[in-house]
Amino acid sequence: MKYAPKKVFILSDGNYKEITYEELCRLTEDKSSQYADKLFLPLHGMLMEVSKDEYADFYRTENRQKYLMKQSASNGDISYDMLTTDEFSGTDILIDSSIDIAVQVENKIMSDKLKQAIFALPKEEQLLIYRHYYAEIPETELAHLYSISQQAVSKRIGKIRAKLKKLLEN
């Protein structure tokens, strides 16, 4: 092993018991010890004692994965999993970020209807809507401009919006 694992777990009476890596080395060096032929798997920086079947399954799966990766590389296959990094998920590529044409058409129709509804308003209401929503003048400044309270401006805008809503529903 290239490095000493953080922890080592051995099976003792059907339960895992933690020992140090040095203890494991001493136990495996002694050929008469029961640990001379025990099998261990590296998992998350630790060693765990496993049965022969578990050991064989683990390395069979690992070897198969290596084989598949080698075949994939030689065939030039690309998987979105291969594109995953710490900052980027390969599955993000599968998401269609383009805007649905039906949504674009619907937005255009609604925009045209809103323009027509605004032009159907009296000029002073059109000007108030323009100043508030397009010129982005806050209600407090509009109140000062019209010499009325901010609440009165808010009520006027609310009434105009209600008118626009009725016009859009027709």
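1. Let's start with a word we'll need: a residue counts as buried when its relative accessible area is under 20%. Glutamate 125 comes in at 16% relative accessibility, so it counts as buried. Keep that cut-off in mind, and keep in mind too that this is a predicted model.

2. Now step back and look at the whole chain. The protein has six helices and four strands. Walk along from the N terminus and you'll meet them in the order β-β-α-β-β-α-α-α-α-α. Trace that run on the structure above before you go on.

3. How much of the protein is buried? Buried residues make up 18% of its 170 residues. The accessible surface comes to about 13500 Å², and carbon and sulfur atoms account for 54% of that surface. As for contacts along the chain, take those with a separation of 6 or more: 36% of them join residues 24 or more positions apart.

4. Next, find helix α3 (residues 101-119) and helix α6 (residues 150-169). Their axes come within 9 Å and cross at roughly 125°, and α3 and α6 are therefore oblique to each other. The crossing of α3 past α6 is right-handed.

5. Which residues of α3 and α6 meet there? On the α3 side you'll find Lys113, Leu114, Ala117 and Ile118, and they meet Leu164, Leu167 and Leu168 in α6. Sort the residues of this contact by class and you get six nonpolar, no polar and one charged.

6. Helix α6 has another partner to look at, helix α4 (residues 123-134). These two pack at an angle of about 105°, and their axes are 11 Å apart. That makes α4 and α6 roughly perpendicular to each other. From α4, the contact uses Glu125, Leu128, Ile129, His132 and Tyr133, while α6 brings Arg156, Ile157, Ile160, Arg161 and Lys163. By class, that is five nonpolar, one polar and four charged residues.

7. Back to glutamate 125, which lies in helix α4. What does it touch, once we leave aside its neighbours within four places in sequence? Ile160 and Lys163 are its contacts. Both of these also turn up in the α6 part of the contact between α4 and α6. For a distance to check on screen, pick the C-alpha atoms of glutamate 125 and lysine 159: they are separated by 9.8 Å, although the two residues sit 34 residues apart along the chain.

8. Histidine 132 is found in helix α4 as well. Is histidine 132 buried or exposed? With a relative accessible area of 19%, it is buried, given that the cut-off is under 20%. Leaving aside neighbours within four places in sequence, histidine 132 is in contact with Ile137, Pro138, Glu139, Leu142 and Ile157. Ile157 is one of the residues that α6 brings to the contact with α4.

9. Finally, have a look at glutamine 126, another residue of helix α4. Its relative accessible area is 13%, so glutamine 126 is buried. Which residues does glutamine 126 contact, leaving aside its neighbours within four places in sequence? They are Ile118, Phe119 and Leu121. You've already met Ile118 in α3, among the residues that meet α6.

Key. Residues numbered from 1 in each chain as written. Predicted model: local features only at pLDDT ≥ 70, side-chain atom pairs only at ≥ 80, totals over all residues. Heavy atoms only, no water. Buried < 20%, exposed > 50% of the residue type's maximum accessible area, 1.4 Å probe, protein only. Contact = heavy atoms within 4.5 Å. Areas by Shrake-Rupley, 256 points an atom, 1.4 Å probe, with all protein chains shown as cover. Axes fitted to C-alpha atoms, helices over the stretch in contact; angles between N-to-C directions. Parallel < 35°, antiparallel > 145°, perpendicular 65-115°, else oblique. Left-handed = near helix turned anticlockwise from the far one by under 90°. Nonpolar A, V, L, I, M, F, W, Y, C, P; charged D, E, K, R; others polar.
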